[in-house]
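Student: I would like to work through this fold step by step, starting from how its helices pack. Could you show me the structure before we begin?

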Amino acid sequence: MAECHPVGFQWVMEAKARGAKVIHVDPRFTRTSALADVHVPLRAGSDIAFLGGIVNYVLQHEKYFRDYVVAYSNAPVILREDFRDTEDLDGVFSGLDTDTRSYDNASWQYEGTEMQAASGERDREYEERTGGGSTVAEAARGEAHGSGGAAIGEGEPERDETLSHPRCVFQVLRRHYARYTPELVEQICGVPQDLFRQVCELVTENSGRERTTAFAYSVGWTQHTVGVQYIRAAAVLQTLLGNIGRPGGGILALRGHASIQGSTDIPTLFNLLPGYIPMPHAHQNQDLEAFVRAEAARKGYWGNMRAYLVSLLKAYWGDAATAGNDFCFDYLPRLTGSHSTYETTMAQLEGACQGYFLFGENPAVGNANSRLMRLGMAQLDWLVVRDFSLIESATWWQDGPEIETGELRTQDIRTEVFFLPAAAHTEKDGSFTNTQRLLQWHHQAVEPPGEARSDLWFAYHLGRIIRQKLAGSADEMDRPVLDLAWNYPTKGEHTEPDAQAVLAEINGHDADGRPLSSYEELKGDGSTACGCWIYCGVYADGVNQAARRKPGREQDWVAAEWAWAWPANRRILNNRASADPEGRPWSERKALVWWDPDKGERGEWSGHDVPDFKKDKAPDHRPPEGATGPEALSGRDPFVMQADGKAWLYVPSGLTDGPLPAHYEPQDSPFPNLLYAQQRNPVRHLLPALPDNRYQPSGTEPGSEVFPYVATTYRLTEHHTAGGMSRWQPYLAELQPEFFCEVSPELAAERGLEHTGWATIVSARAVIEARVLVTDRMTPLRVHGRTLHQVGLPYHWGPNGYSTGDAANELVHLSLDPNTHIQETKAFAVDIRPGRRPRGPASLELVRAYRARAGIDEHTGTEP
């Protein structure tokens, strides 16, 4: 965090100055480690075993916050008799279909509930249309439920408030993690038992009624084939400790850009609409009502999905969206499966994808298996690249690695590449949404130089010109474009769209054009329009709330008048959980929101933050029979986005790869799974094992010794992601002039590597070279009874700019998390040897030789 998120780390250091303990868990000793109280080096890819060990410690030593857990989690809920855990089935859960690499989650449900009929109808319809398969595997259902919208079965689940029933979630959790002992953590993760116990004691001593602990993570947790389950493991732990919804608690997702949070809220994701509303799927053939019935939860705020979706459709299509035409629901594109960036590459290679836009992305060096990305772009008819500098994704056709090896010839590549210079954030108005969900407005400082233009300018004018060309068309296919509400005010000599007008559209308005103040005002009858329901209120009263800058000394510690946080300017989500079931703060020192019986007509929720709860819903409120949506939650259900108002220690639906986190080895691992016979995540998302995307043998198979070391990629302070913004800056290039690899003195001695010399790093996909940094920051670990060395690879480099070098992502395979389709770049196996890599065709021969030694073919590593 100190290295990659230094502005946010300022507050960690302020907390430390006040007595907070900082624990840093990372394979490398970094700038963060140097400032932490405890550094825990561990094997990359083993974090679930580490977190599971802490969960086991909490349960075995009864360190959990019992009152919080019983009242606010699903720990007391009893599971069906036919559910089977990884402990019963040696590494998989009940319902696994190995042929389709998917789970049927019927057995994961609660006792006393039945699966929703709509889901069953949806699955039957899919079976009829496709002749088999799975909605989970084929239609990318993993993210469909967004922020906690997964539905649970109809009916009231059976509960045991004593937490003693053998099938209640609490006891299932206890059995699931019973083998995650300090001894096993040491064997799998390489963390010494005394250091592990120190972490357990520090975390549990600083959690409970009077104290809270926060977890901060970034892509070191997400870029794995079990990345979602990493965060789930942290959620299990934080729920047990009572650290969710309370000041100083939570799980904080640090972001690599200023507005990565914003680009998932109003998404650049293929399977979500703004506000985490799921995209409709082509095979379901649903109208608006059927879609809402199938996707909206019966209870909680996702029960209001119709209001969110209809308001979005009105923002898209304005007056053209009417009740008579389902508010243009049919205009929305439909998913036919997973359309992640990596499936798009496969479609390019197959000739199905003929044109491609790149906005601020550099897949030629920044994506996993960069080579495959370039080969895919070489099959396009046209490619549009918008960036600050002439990145590798704009020049691969003339100077990419495949030109050097002879695999591609410039004169044979038919892709027409258009490079359009982009404006920097200082050259345009707009908002950033940071990890705290805080929208902060930035004002244009200078005009963009030359022909550089903002993304907003490009998107608006491209749409304007296309609409002009289609004007008068009678083809129904053109109606979604022609009916768009596309009238934005512009300004200046370049006719730049007014960014504040776009923000106002996102905020939403009523039928008379008045700005809305809250998502509670949204209606499902077409009388409101809102471009993103969670952002409703950011333009309340016609004022840009994101532009507020009231100094902290002029307001309280919540600082509610600095910018605006979604939703409703709420700074801590689920903050009803900061008070006990009766509405009293668990701790006066940690008081955030509470029930005030003397406020309003019958009492109200009050506090320092905006309550994440119905304002006038009393703690003793019980919903009437048959209530739906938010009204179906009681006054003691703080997790209002969940279908039952509870924090889920166990997930009965909404994830594709299991209701509980379990340790699996990475796709490429030199070690066997010590916990289960199941080596890897059985439903991980594998892309075709093409000759340029070969997988490596697992630690249980002959040939794994050919790649004995674990590599991980990371960022540096001096460079930014794939380098498009930083390698062209002479000052930054001078600070970090060359691509390098970090290795321990012991590994350097073992492999004959010299400090500042050259090393060649090889995987089953590619070979790269890097300067050698021999450093004690890379700690050798004792894993599975042998010494493990790890190799650190910053991933900012490519052949263009002032600072050049090979791309670390050349080495990585395409094996993805099945929920989010994120690549596994934080843990993979390599070999390392001294000297520079071969050039030209010889580099291909070296990789082929390694594959032959390891016995790799198209079947290696593809088993469920």
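Tutor: This is a predicted model, and a good place to start is a pair of helices, helix 3 and helix 12 (residues 227-240), whose axes come within 9 Å and cross at roughly 15°.

Student: How do helix 3 and helix 12 run relative to each other, roughly parallel, roughly antiparallel or roughly perpendicular?

Tutor: The two axes cross at roughly 15°. Angles under 35 degrees count as roughly parallel, so helix 3 and helix 12 are roughly parallel.

Student: Which hand does the crossing of helix 3 and helix 12 have, and which residues of helix 12 meet helix 3?

Tutor: Helix 3 passes helix 12 in a left-handed crossing. From helix 3, the residues taking part are Asp47, Ile48, Leu51, Ile54, Val55, Val58 and Leu59, and those they meet in helix 12 are Gln229, Tyr230, Ala233, Ala234, Val236, Leu237 and Leu240.

Student: In the largest nonpolar core, which residues touch the most other members, and which helix gives the largest share?

Tutor: This core has 127 residues, and the members touching the most others are Phe50, Leu240 and Leu309. The largest share of the core, 9 residues, comes from helix 3 (residues 47-60). Apart from it lies another core, of 52 residues, which includes Ala368, Ala689, Ala759 and Phe828.

Student: What is Leu309 in contact with, leaving aside its neighbours within four places in sequence?

Tutor: With those neighbours set aside, the contacts of Leu309 include the phenylalanines Phe291 and Phe329. The full set is Leu273, Ile277, Leu288, Phe291, Val292, Phe329 and Leu332.

Student: In which order do the strands of the open sheet of 3 strands lie, and which helix lies across them?

Tutor: The pairing in this sheet is parallel and the order is 9-10-11, with strand 9 (355-359) and strand 11 (416-421) as the edge strands. Strand 9 is joined to strand 10 (residues 382-387) by 5 bridges, and Phe359 has Arg386 in strand 10 as its bridge partner. Lying across strand 9, strand 10 and strand 11, at about 130° to strand 10, is helix 19 (residues 392-399).

Student: Is Ala546, in the loop between strand 17 (528-529) and strand 18 (564-565), buried or exposed?

Tutor: Leaving aside neighbours within four places in sequence, Ala546 is in contact with Leu439, Gln440, Trp441, Val538, Ala563 and Trp564. Its relative accessible area is 0%, and because buried means under 20%, Ala546 is buried.

Note on methods
Residues are numbered from 1 along each chain as its sequence is written. This is a predicted model: local features need pLDDT of at least 70, side-chain atom pairs count only at pLDDT 80 or more; totals for chains, interfaces and linings use all residues. Side-chain values use heavy atoms; hydrogens and water are left out. A nonpolar core is a set of buried Ala, Val, Leu, Ile, Met, Phe, Trp, Tyr and Cys residues joined through side-chain atoms within 4.5 Å. Buried means under 20% relative accessible area, exposed over 50%, partly exposed in between (1.4 Å probe, protein chains only). Helices (H or I, at least four residues) and strands (E, at least two) are DSSP runs, numbered from the N terminus. Contact means heavy atoms within 4.5 Å. Two strands pair if DSSP finds at least two bridges between them. Axes are lines fitted to C-alpha atoms, for helices over the stretch in contact, and angles run from 0 to 180 degrees between N-to-C directions. Angles under 35 degrees count as roughly parallel, over 145 as roughly antiparallel, 65 to 115 as roughly perpendicular and the rest as oblique. A crossing is left-handed if the near helix is turned anticlockwise from the far one by less than a right angle, and right-handed if clockwise.
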